[in-house]
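Got your viewer open? Here is a short tour, one selection after another.

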Amino acid sequence: GGCYRANTKTVEAAARENEMCLDSRDALNSGARQVSALRQLGLQSEPKFDVMVFAPLRPEANYWDDALKELVGAGVHSIVVNRPIYSDESLYDAYVGPNFMEQGEAAAKWLLDTLAGKEGDKNVLILCGNKEDELMLTRQEAFEKVLAERPSLKIWRKVDGNDTALGGKEQGEAIL
């Protein structure tokens, strides 16, 4: 969605500003395509990339370990962003990402502040990401916990947007 495009634009602007060669690939929400692109770009000779930055769709080590070992062997550094992976930390150089519990709490507190002083019961629709995503579930749990502090806010419905802009758009349109 818009958040991912904004992130991409920020990275592209920083690369231009620092005169860096940047190649960006969309894995089309496929962990296998993401690993394939990581290997292809990380191991190619022209242009040779020194650092691979990736936002993993899946956290499981079995997706990443072999590719990351190949990158380490080729002298390529790796930075994991947005969500952690469950690989041996010696296979990548850094993780930069949010605290998902804090994100959920912050979103709920914003909603509570926005509705402060407004009387009457309010219904809340939660548009979820991938139901199998542990981090999304952590964020949602924190959101719901804070929301429970205000009994006048009731979770009316939770719908699965499949963690994609299109999925969220389709669910939102169906509900409206």
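## Stop one: a glutamine in a helix

Select Gln-34, which sits in helix α2, the stretch covering residues 31–43. Keep in mind that you are looking at a predicted model. Is Gln-34 buried or exposed? Its relative accessibility is 13%, and because the cut-off for buried is under 20%, Gln-34 counts as buried. Now show what is around it. Setting aside residues up to four places away in sequence, Gln-34 touches Ala-27, Ala-55, Pro-56, Leu-57 and Trp-64. Hang on to Trp-64, since this residue comes back at the core stop.

## Stop two: the sheet

Next, switch to cartoon and pick out the strands. Three of them make an open sheet, ordered β1-β2-β3, with parallel pairing. Colour β1 (51–54) and β3 (94–96): these two stand at the edges, and each has a single partner strand, so one side of each has no neighbour in the sheet. Going from one strand to the next, the twist averages 20°.

Zoom in on β2, residues 77–81. This strand runs parallel to β3, and three bridges join the two. For a specific pair, select Val-80 and look across to β3, where Tyr-95 stands opposite.

## Stop three: the cores

Which residues of the largest nonpolar core touch the most other members? Select Leu-38, Met-52, Phe-54, Trp-64, Leu-68, Leu-71 and Ile-85; the core has 15 residues in total. At least two residues come from each of α2, β1 and α3 (61–73), and α3 is the top contributor with four. As background, nonpolar side chains in soluble globular proteins tend to be buried together.

Centre on Met-52 for a view from inside this core. Ignoring neighbours within four places in sequence, Met-52 is in contact with Leu-38, Leu-41, Gly-42, Leu-71, Val-76, His-77, Ser-78 and Ile-79. Of these, Leu-38 and Leu-71 are also on the list of core residues you just selected.

Then move away to another core, which lies apart from that one and has 12 residues. To find it, select Ala-108, Leu-111, Ile-126 and Leu-147, which are among its members.

## Last stop: two cysteines

Finally, select Cys-21 and Cys-128. Where does each stand on accessibility? Cys-21 is exposed, because its relative accessible area is 56% and the exposed class begins over 50%. Cys-128, in contrast, counts as buried at 10% relative accessibility. If you go looking for disulfides, the structure holds zero.

Notes: Residues numbered from 1 in each chain as written. Predicted model: local features only at pLDDT ≥ 70, side-chain atom pairs only at ≥ 80, totals over all residues. Heavy atoms only, no water. Buried < 20%, exposed > 50% of the residue type's maximum accessible area, 1.4 Å probe, protein only. Contact = heavy atoms within 4.5 Å. Disulfide = S-S within 2.5 Å. Pairing = 2+ DSSP bridges. Axes fitted to C-alpha atoms, helices over the stretch in contact; angles between N-to-C directions. Core = buried A, V, L, I, M, F, W, Y, C linked by side-chain atoms within 4.5 Å.
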